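I opened this notebook page to record, in order, what I looked up in the structure. I started with overall burial and ended with the packing of individual elements.

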Amino acid sequence: FYVQAVISAGVFAIFPEALGEHSTTLIRKLACCLVCKVYRKKALDIELSNEISDIKTIVLGVTSLRHLFDLSQSGSLEWAVRREAITASATIALAINGEQVGIYVTKGGIEILIEALAIKIDYHLVLLVLTALEKILMIAQGNGKVYGLIVYQAGGVEMIEHLANHGNESVSAKAEGIFQQFFNSD
């Protein structure tokens, strides 16, 4: 219910500012949570479908996506905000289509996901990020694009290989699967 109320109130008209440096920690965290809700859409009523489309366009816009990615980087603010920003970044990657993946990648989305793979304390988040990265690579492969070089240059192949030996079985299986499907040269 609150998501619908927030959307109806027009909060996304000021979304880039909500993620910006002059916003409070709480506002930034809530803005990232709202992005997750919008991209998951399950919690939203059908009557908001046009608004959701408009909101997704705003979020994929240059300013909003850049702010979101900035919050996802190591050293940014508190862990709670960074975690929500990473979750939002991965959730967007899981929900976008082929054309939108190009925008996401151009704005630095793969690099953000690769950096997030270094988080060792939250295996749920690492699994979400691996799943998002896998989806981007699958869409790229289906569209004849190769984003593997970006992953390689960002140190992602080494990270994925390392995560194949992770203590969590789900993380290690996902990492091994990604490595075998996209980076195994045997």
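Entry 1, burial and surface. I first looked up burial in this predicted model, and found that 46% of the 186 residues of the protein count as buried. For the surface I noted an exposed area of about 9500 Å², of which carbon and sulfur atoms supply 55%.

Entry 2, secondary structure. I went through the elements from the N terminus on and wrote down α-α-α-α-α-α-α-α-α-α-α-α, which is to say twelve helices and zero strands. I then turned to the contacts between residues at least 6 apart in sequence, and noted that 64% of them join residues at least 24 apart.

Entry 3, confidence. Before going into any detail I checked pLDDT, whose mean over the protein is 80, with 76% of the residues reaching 70 or more. Which elements have the lowest and the highest mean pLDDT? I found the lowest, 55, in helix 4 (residues 49–59), and the highest, 95, in helix 12 (residues 169–183). I also marked residues 42–47, where pLDDT stays under 50 and for which the model has eight contacts beyond four places in sequence. I remind myself that predicted coordinates should not be read in detail where pLDDT is low.

Entry 4, helix 9 against helix 12. I looked up this pair next and found that the axes of helix 9 (residues 123–142) and helix 12 come within 10 Å and cross at roughly 20°. With angles under 35 degrees counting as roughly parallel, the two helices are therefore roughly parallel to each other, and I recorded their crossing as left-handed. On the side of helix 9 the residues in contact include Tyr123, Val126, Leu127, Leu130 and Met138, and on the side of helix 12 they include Val171, Lys174, Ala175, Ile178 and Phe182.

Entry 5, helix 11 against helix 12. How far apart are the axes of helix 11 and helix 12, and at what angle do these helices pack? I noted axes 7 Å apart and an angle of about 135° for helix 11 (residues 156–163) and helix 12, and the two are therefore oblique to each other. Helix 11 also passes helix 12 in a left-handed crossing. The contact is made from helix 11 by Val157, Ile160, Glu161 and Leu163, which meet Val171, Ser172, Ala175, Ile178, Phe179 and Phe183 of helix 12.

Entry 6, comparing the two lists. I noted that Val171, Ala175, Ile178 and Phe183 of helix 12 appear in the contact with helix 9 and also in the contact with helix 11.

Conventions:
Residues are numbered from 1 along each chain as its sequence is written. This is a predicted model: local features need pLDDT of at least 70, side-chain atom pairs count only at pLDDT 80 or more; totals for chains, interfaces and linings use all residues. Side-chain values use heavy atoms; hydrogens and water are left out. Buried means under 20% relative accessible area, exposed over 50%, partly exposed in between (1.4 Å probe, protein chains only). Contact means heavy atoms within 4.5 Å. Accessible areas come from the Shrake-Rupley method with a 1.4 Å probe; for residues, only the protein chains shown count as cover. pLDDT is the predictor's confidence in each residue, from 0 to 100. Axes are lines fitted to C-alpha atoms, for helices over the stretch in contact, and angles run from 0 to 180 degrees between N-to-C directions. Angles under 35 degrees count as roughly parallel, over 145 as roughly antiparallel, 65 to 115 as roughly perpendicular and the rest as oblique. A crossing is left-handed if the near helix is turned anticlockwise from the far one by less than a right angle, and right-handed if clockwise.
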